[in-house]
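User: I would like a close look at the salt bridges in this model. Please keep it brisk and connected.

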Amino acid sequence: MSFFKTLKNDLPASIVVFFVALPLCLGIALASGAPLFSGLIAGIIGGIVVGALSGSQIGVSGPAAGLAAIVLTSIGALGGFENFLVAVVLGGVIQIVLGLLKAGVIGYYFPSSVIKGMLTGIGIIIILKQIPYFFGYIPAKGEGTFLQIFNSFTGLSIGSTLIALIGLGILILWSNVLTKKGKIFQVVQGPLVAVVIGIVFYSLFGSSGNLGINAKSLVSVPIPSDMSSFLGQFSFPNFAVITQGDVWLTAFTIALVASLETLLCVEATDKIDPEKRVTPTNRELLAQGTGNIISGMIGGLPITQVIVRSSANIQSGGKSKLSAIVHGFFLLISVIAIPKLLNLIPLSVLASILLIVGYKLAKPATFVTMWKSGGKQFVPFMVTVLGIVFIDLLWGIGLGLMVGIVVILFKSYQNSHFLHIEDEKNGKRKVKMTLAEEVTFFNKGAILKELDSLAEDTYLTLDVRKTRFLDHDIVEILEDFSEKAKNRNITINLISERGVVENPESYIKFFKLRSKTA
């Protein structure tokens with residue numbers, strides 16, 4: 001497919017993606033507690049650099065809402081934004097190493113319940129963090145999340161709240177109604193319209209009066225007077241802290257979460273790609289790692305492939321990576337050409353956009369779906385969500401994984417065998433125990449419990465026709481039980497693919513052979 005063949009599709013798609021990306025870049029930086037300019041840098045690098053290096057033809061990268069909670073916590077914990085940038089750079093290096101080690105399959109080893117819990121927990125945090133900005137309240141340093149929410153009601157700004165409600169209404173109306181009415185509503189996206197309305201509102205009412213918006217409640221990006229002042233607004237990492245353990249812990253967290261979010265997005269975008277192309281995951285990790293190194297070096301937020309922008313690209317007819325690259329150049333031009341216009345955007349409008357983003361990540365329907373999936377899915381999901389909301393992201397994921405592993409072990413304990421009790425025959429109670437396909441030492445307790453509970457004068461049939469792996473620990477249990485069985489007058493038969501084995505010595509020999517060859 002040549003450049004000119006896809007240009008007619010990619011150019012309009014890149015405009016749509018730009019309109020989606022611009023408010024999100026600013027909004028995610030706001031949610032992250034980082035300079036707003038850092039979100040734009042990440043969007044530019046994600047579009048131009050990652051877009052060029054990625055093997056994905058329709059994926060679009062930029063600052064991710066899923067990392068906002070990590071960034072917000074880490075900037076304070078590491079002692080400043082410049083120190084945090086070191087972790088971003090190191091996170092990029094770790095991603096490149098993961099790509100070289102062909103770890104692109106890492107996402108498949110995390111339970112879906114934990115991944116959904118991670119995304120849901122992040123969505124809830126985004127919502128909680130944006131409530132104060134929605135009401136025009138600028139949180140003071142050191143205020144906890146729930147204290148910020150309480151204070152936002154007492155320090156409510158009528159103007160900020162009103163335009164936030166208008167913006168929220170526009171977003172809901174646009175996504176649920178207007179996008180189905182015509183092509184124009186798909187090209188011009190709701191977030192852009194909300195931002196434009198916010199600029200008009202502030203231009204009409206200014207910073208005074210009941211409907212006025214305080215200047216502190218507006219976007220604030222540097223306005224360069226020339227190229228040297230433009231270059232002067234970039235931040236650079238403070239590599240003096242590179243030896244600190246907290247910096248490396250943050251770097252590994254960024255690398256892990258950014259890689260997971262990217263790989264999940266890759267999987268999702270490949271599924272909705274009309275041409276059903278497959279993205280090389282290891283190459284994607286290399287591209288994302290390179291993007292994060294460059295972004296961190298010049299003051300940008302961490303980057304991932306993002307489902308919101310990627311799906312907008314697909315829905316707008318994007319055919320190749322050209323649309324992602326061009327959208328990055330559009331972001332760069334906007335930073336240079338219209339910074340004064342960007343500084344007229346009320347933060348409450350960006351908060352309304354992020355509330356929708358957070359809601360999409362933490363939909364009530366997700367909780368209902370997980371509940372209906374059963375305790376095996378719901379318990380790790382809820383532990384992950386609660387851990388993220390009330391402790392932090394890393395703890396939430398870790399606790400969710402631990403609970404997930406415990407649930408798996410418990411289910412393995414339960415499902416190691418099937419016990420069927422039949423009627424008595426010739427004065428003996430007939431019991432049939434069917435062993436699972438794989439029986440490991442995790443199943444030791446359950447099988448031992450069942451065997452020890454058998455009454456005297458029982459006729460036991462062991463069915464191992466489906467069993468392909470038998471742990472040595474299980475063989476030892478059966479060997480010991482064959483001795484106990486003699487004392488309790490329990491007759492044991494074995495049904496295998498070779499037929500029926502009746503005497504104990506033969507079936508123990510069979511089990512030992514099965515254990516060695518499994």
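Which residue meets E275 in a salt bridge, and what is the N to O distance? Go on from there to the other pairs, and finish with the second largest cavity.

Analyst: This is a predicted model. The partner of E275 is R277. Their side chains meet in a salt bridge, with 3.7 Å from N to O. That falls inside the cut-off, because a salt bridge needs a side-chain nitrogen of Lys or Arg within 4 Å of a carboxyl oxygen of Asp or Glu. Side chains of opposite charge can pair when their charged atoms come close.

How open are the two partners? E275 has a relative accessible area of 36%, so E275 is partly exposed. R277 is at 23%, so R277 counts as partly exposed too. The pair does not stand alone: D273, E275 and R277 are linked in a network of salt bridges. Across the model, the count comes to six salt bridges.

Next, take D463. This aspartate forms a salt bridge with K432, and the closest N and O atoms are 3.6 Å apart. The pair links distant parts of the chain. K432 sits in strand β4, residues 428-435. D463 sits in strand β6, residues 458-463. The two are 31 residues apart.

D463 also forms a salt bridge with R465. Here the closest N and O atoms are 2.7 Å apart.

Now compare how accessible these three residues are. D463 has a relative accessible area of 6%, so D463 is buried. The cut-off for buried is under 20%. K432, at 24%, is partly exposed. R465, at 40%, counts as partly exposed as well. A buried aspartate thus has salt bridges to K432 and to R465.

Last, the empty space. A search of the whole structure finds four cavities of 30 Å³ or more. The second largest holds about 40 Å³ of space. Its lining includes G46, V50, G51, S54, S56 and G59. V60, S61, E284, Q305 and K321 also line this cavity. Helix α2, residues 36-53, gives the largest share of the lining, with three residues. By type, the lining divides into two nonpolar, seven polar and two charged residues. E284 and K321 are among the lining residues, and Glu and Lys count as charged.

Conventions: Residues numbered from 1 in each chain as written. Predicted model: local features only at pLDDT ≥ 70, side-chain atom pairs only at ≥ 80, totals over all residues. Heavy atoms only, no water. Buried < 20%, exposed > 50% of the residue type's maximum accessible area, 1.4 Å probe, protein only. Helix = DSSP H or I, 4+ residues; strand = E, 2+ residues; numbered from the N terminus. 1 Å grid on protein atoms, 1.4 Å probe; cavity = no way out; pocket = protein on both sides within 12 Å on 5 of 7 lines; lining within 4 Å. Points joined across faces, edges and corners; volume = space filled by probe spheres on them.
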